[in-house]
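I opened this entry to look up the salt bridges and to note how buried or exposed their partners are. I keep in mind that the model is predicted.

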Amino acid sequence: RELRFAFNSAKPRPWCPEMRQAVLSELPQFEKSFESISPNPIAAASVAQVHRGILKKSLIQQFNKRKKLLRNQVAIKIVYPDARRNMEADLRSQRELCLRIDSLLNVGASTTINTILDEFDNNFPRELDLRIEAQNMRTASAIFNKRGFGHIVLVPQLLPELCSRSVLVTQFIHGTTLSDLNFNLMTIEKKKRSYALFTYCH
């Protein structure tokens, strides 16, 4: 609740030529798969934003031969073209600032600072690789189904043909964010399920 101010606080970006070109460089047939793509994002964060798209009927039919897709609406998550460059610049600035402060205060923390920032350096590319997020979604879905939570926790279905390092396309599912969820208004059964799920995840 204390961090609620941070939800949806990132400023969305328009569907600009630079973003379009970044998508097409990884998925040349991307636009041909959709009837339409909303130019205005429905959600935005620091490194990516989400647009709503309408799939072409022919693609839905192909997908449904393998796995049923509930609707033709999909969520399209796109990493900002400059996200990697900006994050690299931020890490360089943080490293320089921290080392200067350490030098001024003479606290001998340069080794610790470098170790921490090296860890960020090594891991931030994974944060920007949506192929890893896609694999995590598959893993989560398999675990929840195996543990009997598949009917409680809905993991959106992936459209792998439309996914890449910078693009993630999934089934669009309407829902409520945890910050807006009123636990007091839930039925006893839902409370039991939520508690069981919470206990399992922890």
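I looked up Arg-13 first, and at 29% relative accessibility Arg-13 counts as partly exposed, because the partly exposed class runs between 20% and 50%. Its partner in a salt bridge is Asp-82, and I noted 2.9 Å between the closest N and O atoms of the pair. Arg-13 sits in the segment before helix H1 (17-26), while Asp-82 belongs to the loop between strand S4 (73-79) and helix H3 (83-105), so this salt bridge ties together parts that are 69 residues apart in sequence. I then checked Asp-82 itself, which is buried, with a relative accessible area of 14%.

Next I turned to Arg-20, which forms a salt bridge with Glu-31, where the closest N and O atoms are 2.6 Å apart. I found Arg-20 in helix H1 and Glu-31 in the loop between H1 and strand S1 (34-37), so the pair links parts that are eleven residues apart in sequence. For accessibility I wrote down 35% for Arg-20, which counts as partly exposed, and 31% for Glu-31, which also counts as partly exposed.

My next entry concerns Asp-129, which forms a salt bridge with Arg-131, and here the closest N and O atoms are 2.9 Å apart. Is Asp-129 buried or exposed? I found a relative accessibility of 13%, so Asp-129 counts as buried.

Finally I asked how many salt bridges the count comes to. The count gives five salt bridges, among them the Arg-13 and Asp-82 pair and the Arg-20 and Glu-31 pair.

Notes: Residues numbered from 1 in each chain as written. Predicted model: local features only at pLDDT ≥ 70, side-chain atom pairs only at ≥ 80, totals over all residues. Heavy atoms only, no water. Salt bridge = Lys/Arg side-chain N within 4 Å of Asp/Glu carboxyl O. Helix = DSSP H or I, 4+ residues; strand = E, 2+ residues; numbered from the N terminus. Buried < 20%, exposed > 50% of the residue type's maximum accessible area, 1.4 Å probe, protein only.
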